[in-house]
Amino acid sequence: MKRVSLAAALTVMLACGGSGAALAADTGDAALKAAIAGSARTPANALRDSARHPYETLTFFGIKPGMTVVELAPGGGWYTEILAPYLRDNGKLIAAGNDPQSSSEGARRGAARFQQKIDANPAAFGKVELGAFAPPNTYRIAPKGTADMVLTFRNIHNWIPIGEAGMQTLFKEVYDSLKPGGVFGVVEHRLPANKAQDGTASSGYMHEAYVIKLAEGAGFKLAAKSDINANPKDTADHQGGVWALPPTYANKDVERAKYTAIGESDRMTLKFVKP
């Protein structure tokens, strides 16, 4: 397993021509940079880039524009706004979130809100395929063995209440959806190893070792971990859990300046591969 530094080094090439030597720098994934800077982004979402590092995170996972990518539980579409334009022409994005056929009214409302977002910008989102992901019962992710990459951002704590057996099934469903060599990319709020994690992850924080254990139990291999989304200021012991921090500010004006100074949560960034 390799460890990736906070910033990727630029590749510098020396090109020699008849008039002398010219120095040029690798511009990286220009299409991904364009998607991050693109008009599909909600301005409030783009303001979070300095805390969430979308370019570095997606590059670390190894995303390419021709991939079939599944985004699990896309929520309000923070990453969808980047992934959909990036994959539109040559790849495929499957957004597997709330089930519009759910017995839960809240889930149906969430699915409707996401559908409205997709419908509002067909130029950016018109090719997004919609799946459904509602553990422990619904796993309309992708046909088995067809996805190049499955991504989930700050979601695993939400699924812990389904229990150990349910979590094992969930990770196996993700595993089965991927091609051999496919990547499962995880970003999650990180709980220090010396702090107790309760059975429902009520603080929103997870032990990194537990997430790795779940993935390896499903057959994944941990390829790399990164500190791209690390935040050493976060002590993970806030009244109200991780939601005390920005952008949620669950405690409203109580110690708001303190939470602003901390910033968003300390996060693990893990790259798993299906052998």
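## Exercises on a predicted model

D176 and K172 sit four residues apart in helix 9, which is about one turn of the helix. Keep in mind as you work that this is a predicted model. Have the structure open and try each task before reading its solution.

### Exercise 1: A pair on helix 9

Task: Find how D176 and K172 interact, and decide whether each is buried or partly exposed.

Solution:
- Step 1. Look at the side chains: D176 forms a salt bridge with K172, and the closest N and O atoms are 2.9 Å apart.
- Step 2. Recall the general idea: side chains of opposite charge can pair when their charged atoms come close.
- Step 3. Check D176. Its relative accessible area is 18%, and buried means under 20%, so D176 is buried.
- Step 4. Check K172. Its relative accessibility is 38%, and partly exposed covers values between 20% and 50%, so K172 counts as partly exposed.

### Exercise 2: The length of helix 9

Task: Work out what span the 15 residues of helix 9 (residues 163–177) should have, and compare it with the model.

Solution:
- Step 1. Use 1.5 Å times one less than the number of residues.
- Step 2. For the 15 residues of helix 9, this gives an expected span of 21 Å.
- Step 3. The end C-alpha atoms are 21 Å apart in the model, so the two values agree.
- Step 4. To see which side chains are covered, pick out the buried residues of this helix: G166, M167, L170, F171, V174, Y175, D176 and S177.

### Exercise 3: A salt bridge between strands

Task: Which residue forms a salt bridge with D148, and which parts of the chain does the pair link?

Solution:
- Step 1. The partner is K179, with the closest N and O atoms 3.1 Å apart.
- Step 2. D148 belongs to strand 8 (residues 147–153) and K179 to strand 9 (residues 178–191), so the pair links distant parts of the chain, 31 residues apart.
- Step 3. Now the surroundings: D148 has a relative accessible area of 19% and is buried, while K179, at 32%, is partly exposed.
- Step 4. Look at the strands themselves: strand 8 and strand 9 pair in the parallel sense over six bridges, with L151 opposite G185 in strand 9.
- Step 5. Turn to strand 4, which pairs with strand 8 in the parallel sense over three bridges; here E71 stands opposite L151.
- Step 6. Seven of the seven residues of strand 8 are buried, so this strand is largely enclosed by the rest of the structure.

### Exercise 4: The largest nonpolar core

Task: How many residues does the largest nonpolar core have, and which have the most contacts inside it?

Solution:
- Step 1. The core has 34 residues.
- Step 2. Those with the most contacts inside it are V70, L72, F171, F184, F220 and F272.
- Step 3. Several elements each supply at least two residues of this core, including strand 4, strand 8, helix 9 and strand 9.
- Step 4. Zoom in on F184. Leaving out residues up to four places away in sequence, F184 touches V150, T152, F171, V174, L178, F220, L270, K271 and F272.
- Step 5. Another core, of 32 residues, lies apart from the largest one; A40, M67, L83 and F153 are among its members.

### Exercise 5: A buried glutamate

Task: Is E188 buried or exposed, and which backbone nitrogens lie 2.9 Å and 2.7 Å from a polar atom of its side chain?

Solution:
- Step 1. Locate E188 in strand 9.
- Step 2. Its relative accessibility is 0%, so E188 counts as buried.
- Step 3. The backbone nitrogen of I156 lies 2.9 Å from a polar atom of the E188 side chain, and for the backbone nitrogen of H157 the distance is 2.7 Å.
- Step 4. Residues that E188 touches also include R154, N155, G204 and D266. The C-alpha atoms of E188 and N155 are 6.7 Å apart, with their positions 33 residues apart along the chain.

### Exercise 6: Strands 5, 6 and 7

Task: In which sense does strand 6 (residues 129–134) run beside strand 5, and in which beside strand 7 (residues 138–140): parallel or antiparallel?

Solution:
- Step 1. Strand 5 and strand 6 run parallel, joined by four bridges; one of the partner pairs is A96 with G131.
- Step 2. Strand 6 and strand 7 run antiparallel, joined by three bridges; here A134 partners T138.
- Step 3. Follow the chain from strand 6 to strand 7: a hairpin joins them through three residues.

How values were computed
Residues are numbered from 1 along each chain as its sequence is written. This is a predicted model: local features need pLDDT of at least 70, side-chain atom pairs count only at pLDDT 80 or more; totals for chains, interfaces and linings use all residues. Side-chain values use heavy atoms; hydrogens and water are left out. Buried means under 20% relative accessible area, exposed over 50%, partly exposed in between (1.4 Å probe, protein chains only). A salt bridge is a side-chain nitrogen of Lys or Arg within 4 Å of a carboxyl oxygen of Asp or Glu. A nonpolar core is a set of buried Ala, Val, Leu, Ile, Met, Phe, Trp, Tyr and Cys residues joined through side-chain atoms within 4.5 Å. Contact means heavy atoms within 4.5 Å. Two strands pair if DSSP finds at least two bridges between them. A polar contact is a pair of N or O atoms within 3.5 Å; within protein, one must be able to donate a hydrogen and the other to accept it, and residues adjacent in sequence count only if both atoms are side-chain atoms.
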